[in-house]
Amino acid sequence: METKHPLILTGKEQMRRWSRIVRSQGKTVGLVPTMGYVHDGHLSLVREAHKHADLIVVSIYVNPGQFAPSEDLTTYPSDFPGDINKLESVPGGVDVVFHPHNLYDYGNGGGGEGEKGGEAAASSCLEEWGLGHETWVRVEKLEMGMCGKSRPIFFRGVVTVVAKLFNIVEPDVAVFGKKDYQQWRIIQRLASSINQSLSKAKYAAEKGIVNCEVLKNSVIQAIHEVGGRIDYAEIVEQENLEAVEEIKGAVVFCVAAWFGKVRLIDNIEINV
């Protein structure tokens, strides 16, 4: 079988444009996020992604937001050429390797010392370097125990960068390992926050709750509970996209929400 050589993209807009083009052609996109130094566990996730999506994107990005200043980010292992060779060895290969230089917005922060003074708080390498990044996505209840006790900034860094990847790649499916079960469950909560609330609203409508204000409020509350901020939650007719107050036919429930600076969108069709 001929080896598939992945397209290597480094720009956020490049990645988003590729994903939107292939999805407009009816293809589904699967995402496997990694920090590189690919091993058999990563390759098993790629194989799993092939079962659920037409095209596969693997991201390789060492995330400074999940490292504390006491953890040496500079010694994290890296072998990008080796990673590509390993990914090419998987049956079906991968279509894109997304290898960005930076996924954070540093604002007006400088490159010197982090700000001192005030009450000491847990910080990541980004804050220690004084780079100005201040917005984080969190799933607070799930991150409090176990690893969260000894690594208090770890999960907010993971969830923030995963939310950024979702926003850039816009995948239909994302595949994560369960070796770090707490991390897996936190990411699952983030990913399902909008979709799950929409599914519950659809079920409620099918059971006779057709008041749109009631349905919208249930979704808004669910997203607020996991740290999101609603951009819009609208129930509109499928054909003309006009808003309705009560479901009497085919509608679509559309939601957009902000998690920090990341905006996620989803929708679900309801036919009653």
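## A guided tour of the predicted model

Select Pro81 to begin: this residue belongs to helix 3. The coordinates on screen are those of a predicted model. Pro81 is exposed, because its relative accessible area is 57%, which exceeds the 50% limit for that class. Now add Tyr37 to the selection. The two residues are 44 positions apart in sequence, and their C-alpha atoms lie 9.7 Å apart in space.

Keep Tyr37 displayed and show the side chain of Lys86. The charged end of Lys86 sits over the ring of Tyr37, at 6.0 Å from the ring centre.

**The chain as a whole**

Before continuing, switch to a cartoon view. The chain has 8 helices and 8 strands. It comprises 272 residues, of which 44% count as buried. Among contacts with a separation of 6 or more, 69% are between residues 24 or more positions apart.

**The sheet**

Colour the strands next. Which order do the strands of the open sheet follow? There are 5 strands in this sheet, arranged 1-4-3-2-5, and their pairing is parallel. Strand 1 (7-9) and strand 5 form the edges, each pairing on one side only. In general, the strands of a sheet pair through backbone hydrogen bonds, in either a parallel or an antiparallel manner.

Within this sheet, select residues 29-34 and residues 55-60. These are strand 2 and strand 3, which pair in the parallel sense over 6 bridges. To inspect the pairing at residue level, pick Val32, which stands opposite Val58 in strand 3.

**Salt bridges**

How many salt bridges does a search of the whole structure find? The search finds 5, and three of them are visited here, beginning with Lys4 and Asp95.

Select Lys4 and Asp95: their side chains meet in a salt bridge with an N to O distance of 3.1 Å. This pair links distant parts of the chain, since Lys4 is in the segment before strand 1 and Asp95 is in the loop between helix 3 (80-88) and strand 4 (96-98), 91 residues away. Lys4 is partly exposed, with a relative accessible area of 34%. Asp95, by contrast, counts as buried because its relative accessibility is 17%, and the class requires a value under 20%.

Move to helix 1 and select Arg16 with Glu13. Their side chains form a salt bridge, at 2.5 Å from N to O. Both residues lie in helix 1 (residues 12-24); they are 3 residues apart, so about one helical turn separates them. Arg16 counts as buried, at 13% relative accessibility.

Stay in helix 1 for Arg23, and add Asp172. A salt bridge joins Arg23 to Asp172, with the closest N and O atoms 3.1 Å apart. The pair links distant parts of the chain: Arg23 is in helix 1, whereas Asp172 occupies the loop between helix 6 and strand 5, 149 residues apart. Arg23 is partly exposed, with a relative accessible area of 33%. Asp172 is also partly exposed, at 37% relative accessibility.

**The aromatic pair**

The count of aromatic pairs comes to 1. Select Phe166 and Phe176: their ring centres are 6.5 Å apart and their planes meet at 75°, so the pair is edge-to-face. Here, too, distant parts of the chain are linked: Phe166 is in helix 6 (residues 154-169), and Phe176 is in the loop between strand 5 (173-174) and helix 7, 10 residues apart. Are these residues buried or exposed? Both Phe166 and Phe176 are buried.

**Helix 7 and helix 8**

Follow the chain into helix 7 (residues 181-206) and pick Asn195, which lies within this helix. Asn195 counts as partly exposed, at 39% relative accessibility. Then add Ile265: the C-alpha atoms of Asn195 and Ile265 are separated by 9.2 Å, although the residues are 70 apart along the chain.

The last stop is Lys216, in helix 8 (residues 212-225). Which side chain of opposite charge is nearest to Lys216? It is Glu213, 4.1 Å away. Lys216 is buried yet has no salt bridge; the distance to Glu213 is 4.1 Å, so the pair falls outside the 4 Å limit for a salt bridge. Finally, display the residues around Lys216. Leaving aside neighbours within four places in sequence, Lys216 is in contact with Ala233, Glu234, Ile235 and Phe253.

Key. Residues are numbered from 1 along each chain as its sequence is written. This is a predicted model: local features need pLDDT of at least 70, side-chain atom pairs count only at pLDDT 80 or more; totals for chains, interfaces and linings use all residues. Side-chain values use heavy atoms; hydrogens and water are left out. Helices (H or I, at least four residues) and strands (E, at least two) are DSSP runs, numbered from the N terminus. Buried means under 20% relative accessible area, exposed over 50%, partly exposed in between (1.4 Å probe, protein chains only). Rings of Phe, Tyr and Trp (its six-membered ring) pair if their centres lie within 6.5 Å; planes under 30 degrees apart count as stacked, over 60 as edge-to-face and the rest as tilted. A charge sits over a ring if NZ of Lys or CZ of Arg is within 6 Å of the ring centre and within 35 degrees of the ring normal. Lys and Arg count as positive and Asp and Glu as negative; His and the chain ends are not counted. Contact means heavy atoms within 4.5 Å. Two strands pair if DSSP finds at least two bridges between them.
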